[in-house]
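This report describes helix packing and surface pockets in the structure shown below.

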Amino acid sequence: MTGIFYGSSTGNTESLANEIAAKLGVGTSDIHNVADVSADAVKGYDLLLLGSSTWGAGDLQDDWYAFVEALKKEDLTGKKVGFFGCGNSGSFPDTFCDALGILHEELFGSGCVFVGAMAADGYAVAESRAFDGDRVLGLVADDDEPDKTEERMEAWVLAVQNA
């Protein structure tokens, strides 16, 4: 069972979460705003899809801070975890989608299995925390390249489904 958890300040990440849910056939009751749910909500899911936009100088969306601290206290052993996020590579090339990297770093060593990393081909930025060598840690929706989001989402959804 898949649970989608997101933090969204302007609605972009929420919209992306809903698009992902539609592609995966995830019902609205399994889409959670981290501002409105406790971390123990993850207990019923085998696959967690975590989404955040990046703010300021490469920061998580505000609602994630308390949630990720509580999430680290949950038993994530064997759970599959995938990441998605929004960013702007033109305006913030040094911190582009760093939130994905932060979530990855925070959950590293928690016992979960990361899924959905993709080849970083075609991205204008490859130095952010969202990238691990020649891979991007998940689905990255770039405000500067909206025409590429659908294709990237299709590939990411397939990778997550096959994990």
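In this predicted model, helices α2 and α3 are roughly parallel to each other, because their axes cross at roughly 25° and angles under 35 degrees count as roughly parallel. Helix α2 spans residues 64-71 and helix α3 residues 98-107, and their axes come within 10 Å. The crossing in which α2 passes α3 is right-handed. On the α2 side the contact involves W64, V68, E69 and L71, which meet L103, E106 and L107 of α3. Five of these contact residues are nonpolar and two are charged, with no polar residue among them.

A second helix pair is formed by α1 and α4, which pack at an angle of about 55° with their axes 11 Å apart. That angle makes α1 oblique to α4. Here too the crossing is right-handed, as α1 passes α4. From α1 the contact draws on L16, E19, I20, K23 and L24, and from α4 on E150, M153, E154, W156, V157 and Q161. By class, the contact of α1 with α4 comprises six nonpolar, one polar and four charged residues.

The two largest pockets are set out in the table by volume and by the classes of their lining residues.

| Pocket | Volume | Nonpolar residues | Polar residues | Charged residues |
|---|---|---|---|---|
| Largest pocket | about 270 Å³ | five | 12 | one |
| Second largest pocket | about 160 Å³ | seven | one | four |

Which residues lie nearest the centre of the largest pocket? They are S53, T54, C86, G87 and D143, out of 18 residues that line the largest pocket. Helix α1 (12-24) and strands β3 (47-55) and β5 (80-87) each contribute at least two residues to this lining. Strand β3 gives the most, with three residues. The lining of the largest pocket holds 12 polar residues, five nonpolar residues and one charged residue.

The second largest pocket is lined by M118, A119, D121, Y123, V136, G138, L139, V140, K148, E151, R152 and A155. Two or more of the lining residues come from each of β7 (118-119), β10 (138-142) and α4 (149-161). Helix α4 therefore appears in two settings, since it packs obliquely with α1 and also supplies residues to the lining of the second largest pocket. Helix α1, for its part, is in contact with α4 and contributes to the lining of the largest pocket.

Note on methods: Residues are numbered from 1 along each chain as its sequence is written. This is a predicted model: local features need pLDDT of at least 70, side-chain atom pairs count only at pLDDT 80 or more; totals for chains, interfaces and linings use all residues. Side-chain values use heavy atoms; hydrogens and water are left out. Axes are lines fitted to C-alpha atoms, for helices over the stretch in contact, and angles run from 0 to 180 degrees between N-to-C directions. Helices (H or I, at least four residues) and strands (E, at least two) are DSSP runs, numbered from the N terminus. Angles under 35 degrees count as roughly parallel, over 145 as roughly antiparallel, 65 to 115 as roughly perpendicular and the rest as oblique. A crossing is left-handed if the near helix is turned anticlockwise from the far one by less than a right angle, and right-handed if clockwise. Contact means heavy atoms within 4.5 Å. Ala, Val, Leu, Ile, Met, Phe, Trp, Tyr, Cys and Pro count as nonpolar, Asp, Glu, Lys and Arg as charged, and the others, Gly among them, as polar. On a 1 Å grid over the protein atoms alone, a cavity is a set of points where a 1.4 Å probe fits but cannot get out, and a pocket is an open set with protein on both sides within 12 Å along at least five of seven lines; lining residues have an atom within 4 Å of a point. Grid points are joined across faces, edges and corners, and a volume is the space filled by probe spheres set on the points.
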